[in-house]
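Biologist: I'm new to reading protein models. Could you walk me through a few features?

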Amino acid sequence: MTTTAATRETLLKRLDGLHQIPTIPAVLTPLLHYLQKPVEQLDVQKTTDMIAQDKSLAAQCLQMANSPLFGHWQKVDSLREAVIALGFQRLRDIAMSCGVLNLLPKDCGGINPVAFWEHSLGCALVCRHFALKISFADPSKAYLSGLLHDLGIIVNLWVLPLEFAAAFELAKAEGIPLHEAEERVLGFTHCESGRLLAERWDLPPDLVEVVSLHHTPQKSPTQSALVALVGISDLLCRLRGLNYGYVEEREVSIGEQPGVSVLAQHCPNLRSFDWARLTFELDSYMDEVHTLVHSVYRT
Amino acid sequence: MTSAAVQLAALAEGPPDPELLRIRDLIYQVAGIFHPDNKLRLLQDRCGRRMKERDVKTLREYLQCLTIQPSRQAELMALLNEITIGETSFFRNQPQLDALRQIVLPKMLEVKAKLPYRRFRVWSAGCSTGEEPYTLGMMLLEDANTRLKDWTTEILATDLNERSLAHAKTALYGSYSTRNLSAYYRQKYFSAVGEQLQVLPVARTSTSFNRLNLCDDARMTFMKGMDVIFCCNVLIYFDLASKRRVIQHFYNNLLPHGYLFLGHSESLYGVSDDFRLVHLPGTTAYVKAERTRGESRKV
């Protein structure tokens, strides 16, 4: 990830100057702040009221809450029921998912926003699933990290729509990873632009690292397990059909990825891990994510 | 069905039965074939057929048939037969075929380009009634005038069952076997014979059929010089010791960096560490890894 000083300068200028640059949606900040409190201090009605302020967010949350992907198998008709059935943590995950994904610009310049939703939501779910399998300490944090890892793509779509569209076309045409195409066309990747936004949003340092280093987890100064976990989950999603709507035409040896050795330092059971089974398990997510995103996106 | 309706249908099914999940794990442990959550209904149907046959009312009782009763081995075989029944068809696993054609083949031809013999050998081990080897033959023919120009391609197809082989040699197939066939391949490589379709001689010449028991150590030793081996839904019937022997033979029979393709959701976990799992778009394969001591291991 080498960015020329001039390009970086341009990017920073555009990022600073653009008024419509994504900000965390107004309703989310107080909601997420509130849901950080210990469970015993949370109130169902207050949570419901906070979400209900944003009608579109409320409708999307309800759609999500009705998906087996979030572990619930009975139909819920109201936000209140959703809060009771899923619990505060799941609801926070859902609200955050809708909030972040709604940051995509209305016009993505020929790029299908549904594909970005699918990748980010899919990656979030895969991160949580993988985290649980390897007994990673904080599966909820893993979910959030998966959701936010490609924040830089949202930035690129807002700040450099034409240049980013060219990078995307190159990635699609050559079947190469998007960050490689961005590097060639823009001179930097969504990791770099994502870091700028993550810092501006004042995200915690571990999340900033996820956003900026998920393609190069070996460069994490802390050898962060979270960054490695997200990097591997992102790769698995891209290889199994949740890749922004195109196929990366290449062969990947998961066991030899740098992120695996980083993660193995923290999770010893990764040394004899059944990657094949994890891959097959994720296949069921792909269909569900596709179905869910299509229904949510229409609300 | 709309996506929302699909979601509701999934909800109506409710969470997976824990006994079914135990059966899934048992099958994966013993046979190496995994049913992801979105295929659990299929597994339940297959179990249902066996339960009807055995006059067993609940999955719990059926799990006991598979684990405790003296006939458990025979019942497991019967269930595996149900699971794989009707699996055989032309172009059964498209991502696997695409990966062979788009990624594996060009890579192998490049590695072998400097060798004196320009020969590409594929082995369909457990070819059943011949759909798989003929599919491979047609696919390779598509590249005959381009990247395979001046190359000899050979497809060795073997099976234990004489009747299957006799069927394969007639090259005549009904509508079930040809259900995944595109109009392009149907028109180019088949002729109509009554209500059936017959593979044209042009797509048959490179394929030879032979009877072979994969457990016959003496004969397995002679299957040398393979570039790619396809062995789909065959190893699932073998016990662990036999599986290990067959895989060892495959290892020795493959050329350096040769590929082994297994059935959809089939894994070598716990069977062999000699192969490296690789991810290709939408599919997985096993690559012959170099042994550090250099010599091939005796079976």
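Modeller: Let's look at one threonine and then at some cysteines. This is a predicted model, where local features need pLDDT of at least 70, side-chain atom pairs count only at pLDDT 80 or more, and totals for chains, interfaces and linings use all residues. Residues are numbered from 1 along each chain as its sequence is written, chains are lettered from A and ligands numbered from 1 in the order in which they are written, and side-chain values use heavy atoms, leaving out hydrogens and water.

Biologist: Where does A:T48 sit, and is that residue buried or exposed?

Modeller: Helices are DSSP runs of H or I with at least four residues, numbered from the N terminus. A:T48 belongs to helix α3, residues 44–52 of chain A. Buried means under 20% relative accessible area, with a 1.4 Å probe and protein chains only. A:T48 is buried because its relative accessibility is 9%.

Biologist: Which residues does A:T48 touch?

Modeller: A contact means heavy atoms within 4.5 Å. Leaving out residues up to four places away in sequence, A:T48 touches A:L79, A:R80 and A:V83. Also, a polar atom of the A:T48 side chain lies 2.7 Å from the backbone oxygen of A:V44.

Biologist: How many disulfides does the structure hold?

Modeller: A disulfide is a covalent bond between the sulfur atoms of two cysteines. Here the sulfurs must be within 2.5 Å. The structure holds zero over all chains. A:C237 is in none, with the nearest cysteine sulfur, that of A:C123, 4.7 Å away.

Biologist: Why does B:C231 have no bond to B:C232?

Modeller: Because the B:C232 sulfur, the closest cysteine sulfur to that of B:C231, is 7.1 Å away, too far for a bond. B:C231 counts as buried, at 0% relative accessibility.

Conventions
Helices (H or I, at least four residues) and strands (E, at least two) are DSSP runs, numbered from the N terminus. Buried means under 20% relative accessible area, exposed over 50%, partly exposed in between (1.4 Å probe, protein chains only). A polar contact is a pair of N or O atoms within 3.5 Å; within protein, one must be able to donate a hydrogen and the other to accept it, and residues adjacent in sequence count only if both atoms are side-chain atoms.
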